[in-house]
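Colleague: I am new to this protein and would like to go through it with you step by step. Could we settle one term and then move from the whole chain to single residues?

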Amino acid sequence: GGVTISGGEATLQFDFLMGLLARLRAEKVHVVLETNGLLEWGKFEKLISLVDLFYFDLKGMRSDLHRQHTGAPNDLILSNARQLRQRHAQVVFRIPLIPDINDTPEQIASLDLFLSEVQAEHIHLLPYHKFGEDKYDSISSTQPRLSIPAMDRARVEEIGKWLERTNRTINIGGN
């Protein structure tokens, strides 16, 4: 048993998060924190002793594309991932795979190099799907549909085999 803290981004409520984590640590509760890694290192470092396992999202390796699709560059995110691993934190890297955005051979090769650099052992590949778009009509959403196809399963498995060849554990779907 334990607690998984996720959200949007739990670290945006940093003071509350620290209080919650301290209480959970005092009760000896196992904690997983899902994060996008976009937090100044001075704060991030404080989480290490209070979190047993980080689920750390890596959405892309090129900072310009990362900014284009998420609104933020990835320099701080990659730096935090490096520093977590240098401090031997337990990290599962979670990679949402989105067709023609971060699944290109160039992006996957860069990702592979980075994962080797940080000696990543556990990877969750999260293929993009369109399940949520089916609900738009039922909730009267005016949000436009994305014109992105669902990630091809064969392509996900190909990427998984590529990343697995360096002795990493690959999980497709994040389970």
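Modeller: Let us begin with the term: a contact, or touch, means heavy atoms within 4.5 Å. Please keep in mind throughout that this is a predicted model.

Colleague: With that settled, which residues does Val32 touch, not counting residues up to four places away in sequence?

Modeller: Val32 is found in strand E2, and its C-alpha lies 6.0 Å from that of Asp52, although the two residues are 20 apart in sequence. Leaving out residues up to four places away in sequence, the residues that Val32 touches are Val3, Thr4, Ile5, Leu53 and Tyr55.

Colleague: Does Val32 count as buried or exposed, and at what relative accessibility?

Modeller: Buried means under 20% relative accessible area. Val32 falls under that cut-off and therefore counts as buried, its relative accessibility being 8%.

Colleague: Turning to the whole protein, in what pattern do helices and strands follow one another along the sequence?

Modeller: The protein holds six helices and six strands. Read along the sequence, these elements give the pattern β-α-β-α-β-α-α-β-α-β-α-β.

Colleague: How does the radius of gyration compare with the globule rule, and what is its value?

Modeller: For 175 residues the globule rule gives 16 Å, and the value for this protein is close to that, so the protein is as compact as a globular protein of that length. The C-alpha trace spans about 45 × 45 × 30 Å along its principal axes. The radius of gyration itself is 17 Å.

Colleague: What share of the contacts with a separation of 6 or more comes from residues 24 or more positions apart?

Modeller: Val32 offers an example of such a pairing, since Val3 is among the residues it touches. Over the protein, taking contacts with a separation of 6 or more, the share from residues 24 or more positions apart is 65%.

Colleague: Which residue has its backbone nitrogen 2.9 Å from a polar atom of the side chain of Asn36?

Modeller: Asn36 lies in the loop between E2 and helix H2, which covers 41–47. Beyond four places in sequence, Asn36 touches Glu9, Phe56, Asp57, Lys59 and Ile77. The backbone nitrogen that lies 2.9 Å from a polar atom of the Asn36 side chain belongs to Leu38.

Colleague: How far apart are the C-alpha atoms of Pro73 and Leu38?

Modeller: Pro73 is found in the loop between helix H3 (63–70) and H4, and it is partly exposed, with a relative accessible area of 25%. Not counting residues up to four places away in sequence, Pro73 touches Leu38, Ser63, His66 and Arg67. Pro73 and Leu38 are 35 residues apart along the chain, and their C-alpha atoms are separated by 9.2 Å.

Colleague: What is the relative accessible area of Lys28?

Modeller: Lys28 sits in the loop between helix H1 (14–26) and strand E2 (31–35), and its phi is near 60 degrees, a positive value in a residue other than glycine. Exposed means over 50% relative accessible area. Lys28 is therefore exposed, with a relative accessible area of 73%.

Colleague: In which loop is His88 found?

Modeller: His88 is not a glycine, yet it has a positive phi of about 60 degrees. His88 is also exposed, at a relative accessible area of 66%. The loop in which His88 is found is the one between helix H4 (75–86) and strand E4 (91–97).

Terms used
Residues are numbered from 1 along each chain as its sequence is written. This is a predicted model: local features need pLDDT of at least 70, side-chain atom pairs count only at pLDDT 80 or more; totals for chains, interfaces and linings use all residues. Side-chain values use heavy atoms; hydrogens and water are left out. Helices (H or I, at least four residues) and strands (E, at least two) are DSSP runs, numbered from the N terminus. The radius of gyration is taken over C-alpha atoms; the globule rule is 2.2 Å times the number of residues to the power 0.38. Buried means under 20% relative accessible area, exposed over 50%, partly exposed in between (1.4 Å probe, protein chains only). A polar contact is a pair of N or O atoms within 3.5 Å; within protein, one must be able to donate a hydrogen and the other to accept it, and residues adjacent in sequence count only if both atoms are side-chain atoms.
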